[in-house]
Amino acid sequence: MMREIMVRAMYCEMLGYDASFTYIHAIKLAQQGGVLEKRVGYLAVSLFLNEGHELLLLLVNTVLKDLQSTNLIEACMALTVVAQVFPKDMIPAVLPLVEDKLSHPKEIIRRKAVLALYKFYLIAPNQVQHIHSNPDGYKDLTGSFVTILKQVLGGKLPVDFNYRNVPAPWLQLQLLRILSLLGKEDQSFYVAFVYFYMW
């Protein structure tokens with residue numbers, strides 16, 4: 001029953017009506033109930049509340065509990081909420097658990113943990129300074145990135161990826177950023193890359 005009411009409240013909010021009286025119930029739904037109720041509660045929280053909302057304080061213990069859960073779905077939901085609406089002053093409470101998820105056996109959990117850490121980096125870079133990624137461990141992927149870039153430039157991707165007759169410009173930029181990070185400390189890398197890119 002509460003799940004259906006929450007879905008209707010989300011719909012009302014999307015139409016522009018004020019449904020702020022349901023915010024506390026969204027948090028209660030995320031805290032209690034089965035996986036489906038929890039999912040609707042977390043979804044409602046991420047839609048209703050922003051990072052500065054005072055009701056998010058009530059969600060911290062639920063997020064901590066779900067991050068420690070062995071249930072994959074609960075951990076995914078908690079990481080999603082952390083990446084979307086978690087306030088900066090509550091980052092220290094969840095940071096160790098999010099860092100632990102980087103070594104989780106499931107890829108989706110690792111991916112969501114990276115997204116959460118990226119969000120932390122955007123809103124509070126000083127709190128995640130201790131997390132370093134050494135590009136030397138990934139230099140063997142350079143050939144793969146360059147091959148993908150060649151395919152993009154060669155027009156091997158579907159036309160849907162083109163923007164104003166430029167083949168996948170956003171993918172090109174991302175690949176160039178990745179390659180620049182991989183060769184940040186290595187000048188010979190830049191020379192080889194420029195030589196390859198020009199030919």
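**Second largest pocket.** I began with the elements around the second largest pocket of this predicted model, and found that α3 (35-48) and α5 (72-85) each supply at least two residues of its lining. The largest share of that lining, six residues, comes from α5. I then listed the lining by name: Arg39, Tyr42, Leu43, Ser46, Ile73, Cys76, Met77, Thr80, Val81, Gln84 and Lys112. Sorted by character, the residues of this lining are six nonpolar, three polar and two charged, and the space in the second largest pocket comes to about 210 Å³.

**Largest pocket.** I turned next to the largest pocket, which holds about 1,400 Å³ of space. Its lining has 24 residues, and those closest to the centre of the pocket are Val114, His132, Ser133, Tyr138 and Leu181. Here I noted α7 (107-123) and α9 (169-182), each of which supplies at least two residues of the lining. By character, the lining of the largest pocket divides into 16 nonpolar residues, five polar and three charged.

**Cysteines.** How many disulfides does a search of the whole structure find? I recorded zero. I also looked up the accessibility of two cysteines: Cys12 has a relative accessible area of 33% and is partly exposed, whereas Cys76, which I had already met in the lining of the second largest pocket, stands at 12% relative accessibility. Cys76 counts as buried because its 12% falls under the cut-off of 20% relative accessible area.

**Helix α6 and Ile91.** I picked Ile91 for a closer look, a residue of helix α6 (residues 91-100). Is Ile91 buried or exposed? Its relative accessibility is 0%, so I entered Ile91 as buried. Leaving aside neighbours within four places in sequence, I found Ile91 in contact with Phe120, Ile123, Ala124 and Gln127. One of these partners, Ala124, is 33 residues away along the chain, and the C-alpha atoms of Ile91 and Ala124 are separated by 8.5 Å.

I then went along the rest of the helix and noted Ile91, Val94, Leu95, Leu97 and Val98 as the buried residues in α6. To read that spacing I kept in mind that an α-helix has 3.6 residues a turn, so residues three or four places apart point the same way. What covers the buried residues of α6? I found that the cover includes α4 (60-67), α5 and α7. Two of these helices had come up in the earlier entries, α5 as a supplier to the lining of the second largest pocket and α7 as a supplier to that of the largest pocket.

**The chain as a whole.** Stepping back, I counted ten helices and two strands in the chain, and read along the sequence the order is α-α-α-α-α-α-α-α-β-β-α-α. Along its principal axes the C-alpha trace spans about 65 × 40 × 30 Å. The radius of gyration of the chain is 21 Å, where a compact globule of 199 residues would have one near 16 Å. I also noted that 35% of the 199 residues count as buried.

My last entry concerns contacts between residues at least 6 apart in sequence: of these, 60% join residues at least 24 apart. The pair of Ile91 and Ala124, at 33 residues apart, and listed among the contacts of Ile91, is an example that I had already written down.

Methods:
Residues are numbered from 1 along each chain as its sequence is written. This is a predicted model: local features need pLDDT of at least 70, side-chain atom pairs count only at pLDDT 80 or more; totals for chains, interfaces and linings use all residues. Side-chain values use heavy atoms; hydrogens and water are left out. On a 1 Å grid over the protein atoms alone, a cavity is a set of points where a 1.4 Å probe fits but cannot get out, and a pocket is an open set with protein on both sides within 12 Å along at least five of seven lines; lining residues have an atom within 4 Å of a point. Grid points are joined across faces, edges and corners, and a volume is the space filled by probe spheres set on the points. Helices (H or I, at least four residues) and strands (E, at least two) are DSSP runs, numbered from the N terminus. Ala, Val, Leu, Ile, Met, Phe, Trp, Tyr, Cys and Pro count as nonpolar, Asp, Glu, Lys and Arg as charged, and the others, Gly among them, as polar. A disulfide is a pair of cysteine sulfur atoms within 2.5 Å. Buried means under 20% relative accessible area, exposed over 50%, partly exposed in between (1.4 Å probe, protein chains only). The radius of gyration is taken over C-alpha atoms; the globule rule is 2.2 Å times the number of residues to the power 0.38. Contact means heavy atoms within 4.5 Å.
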